[in-house]
Amino acid sequence: FYAEWSVNEKAALEVAAGASYAGARALAAMKQVGLNAASDPLMSLAYIGVKGGLVIVVADDPGPHSSQTEQDTRKFAQFAKLPVLDPATPAEAREMVKYAFELSENLLLPVILRPTTRTCHACQDIEFTDGAAPARPLTGFEKNQNWTIFPSLSARKHVWLNQQQEKARELFEKAEFNQLSIDSSNIGIIACGVSYNYVREALQLSGLKASVLKIGTPYPLPRGP
C-alpha cells in the first residue's frame, strides 16, 4: 500500500484519479463536507471514467455531531450518476470496499462508499479468511484523448453514463448487501445503512414484529426481487 495526505479533498481525488488512469487501484477518503471541495473532479470523473478501480469513501455525519453541515452523500451520488454503497457495520464496510473496487473496474466508474458516524466509530471483530490479495500488474498510463474532458467528449459519454446506470442496477440486484426478512406481521420497514441496526434494536426492545428490507446499495436502487 502507498498512502499520502493531500492539501485538500479536491487534490486528493485528483491524485487518486491519476493513479487510476495508470491502472492502479486507488481510494480517496473524506467527510461529506470534503466532498463539496472534491465535487469538481468528481463530476468530470463520471464522464471521463476510470481504468483501475477508484473508490471514494465519504463519511457522512447525520446530526451533525462533528461537522459544519449535515449532508446526504446518497443524493450526491445520484446527482453525479455514480454508484453508492451504504454499510451498516464495519464488517460490511470491509466487504463493500472489496466489492466496490471490482464494481468500479466493471463499470469503469468511480464508486462511493458512504459510512456514517456510528459505523465509523464502532468497533467489531472481523475474521479474515480470504488472505492477502494478489499483486495486480500495473499497465501504466496510456495517452488518450478520452482522458481530457471537453464538451465533445461529454456529449458522447452522456449516453454511455446513462447506460451504466442500468448496468449498475442489474449488478446491485444480485448483491448480497440487500436483504429481506419476512415476518407474519402486516408491517413492513425499509432501512438503509446503519439505520437497519436501529430498526432491529427498536423491534427487539419493543417486542414488535415487522418484515424488514435492508438496502445496502441505495443508488442506483435495484428494482428486482
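**Exercise 1. Two residues with an unusual phi**

Lys81 is found in the loop between H4 and strand E3 (84-85), where helices (H or I, at least four residues) and strands (E, at least two) are DSSP runs numbered from the N terminus. The structure is a predicted model, in which local features need pLDDT of at least 70 and side-chain atom pairs count only at pLDDT 80 or more, while totals for chains, interfaces and linings use all residues. Residues are numbered from 1 along each chain as its sequence is written, and side-chain values use heavy atoms, with hydrogens and water left out.

*Task.* Describe the phi of Lys81 and the phi of Leu108, and decide whether Lys81 is buried, partly exposed or exposed.

*Solution.* Begin with the general expectation: most residues other than glycine have a negative phi, and most peptide bonds are trans. Lys81, however, has a positive phi near 60 degrees, and its relative accessible area is 23%, so that it is partly exposed; here buried stands for under 20% relative accessible area, exposed for over 50%, and partly exposed for what lies in between (1.4 Å probe, protein chains only). Turn next to Leu108, which lies in the loop between H5 and strand E4 (111-113) and has a phi near 60 degrees, again a positive value in a residue other than glycine. With a relative accessible area of 38%, Leu108 is partly exposed.

**Exercise 2. Peptide bonds before proline**

*Task.* Work out which form the peptide bond from Gly63 to Pro64 takes, and where Pro220 is placed.

*Solution.* Take the bond from Gly63 to Pro64, whose omega is near -20 degrees: it is cis. Pro64 itself lies in the loop between strand E2 (54-59) and helix H4 (73-80). Then move along the chain to Tyr219 and Pro220, which are joined by a cis peptide bond with an omega of about -10 degrees, and note that Pro220 belongs to the segment after E7.

**Exercise 3. The two sides of helix H8**

*Task.* Compare the length of H8 with its expected span, and find which residues of H8 are buried and which are exposed.

*Solution.* Helix H8 (residues 195-206) has twelve residues, and from its first C-alpha to its last it reaches 16 Å, close to the 16 Å expected at 1.5 Å a residue; the expected span is 1.5 Å times one less than the number of residues. Within H8, the buried residues are Tyr196, Val199 and Leu203. They lie on the same side of H8, because they cover an arc of only 60 degrees around the axis, the arc being that of the directions from the helix axis to the C-beta atoms. On the other side of H8, by contrast, Gln204 and Leu205 are exposed. The buried residues of H8 pack against strand E6 (188-192) and strand E7 (211-215), with contact taken as heavy atoms within 4.5 Å. Finally, the helix is followed by Gly207, which has a positive phi near 75 degrees.

**Exercise 4. How H3 packs against two other helices**

*Task.* Classify the packing of H3 with H7 and of H1 with H3 as roughly parallel, antiparallel, perpendicular or oblique.

*Solution.* Two packed helices are described by the angle between their axes and the distance between the axes. The axes are lines fitted to C-alpha atoms, for helices over the stretch in contact, and the angles run from 0 to 180 degrees between N-to-C directions. Angles under 35 degrees count as roughly parallel, over 145 as roughly antiparallel, 65 to 115 as roughly perpendicular, and the rest as oblique.

Helix H3 (residues 39-48) and helix H7 (residues 151-172) pack at about 80 degrees, with their axes 8 Å apart, and H3 is therefore roughly perpendicular to H7. The contact involves Ala46, Tyr47 and Ile48 of H3, together with Ser154, Lys157, His158, Trp160 and Leu161 of H7. One of these, Lys157, is buried, with a relative accessible area of 14%, and, leaving aside neighbours within four places in sequence, Lys157 is in contact with Tyr47, Ile48 and Gly49.

For helix H1 (residues 9-21) and H3, the angle is about 25 degrees and the axes are 9 Å apart, so H1 and H3 are roughly parallel to each other. Among the residues making this contact are Leu13 and Ala17 of H1 and Leu42 and Leu45 of H3. In H1, Ala12, Leu13, Ala16, Ala17, Ser20 and Tyr21 are buried, and what covers them includes strand E1 (26-31), H3 and E2.
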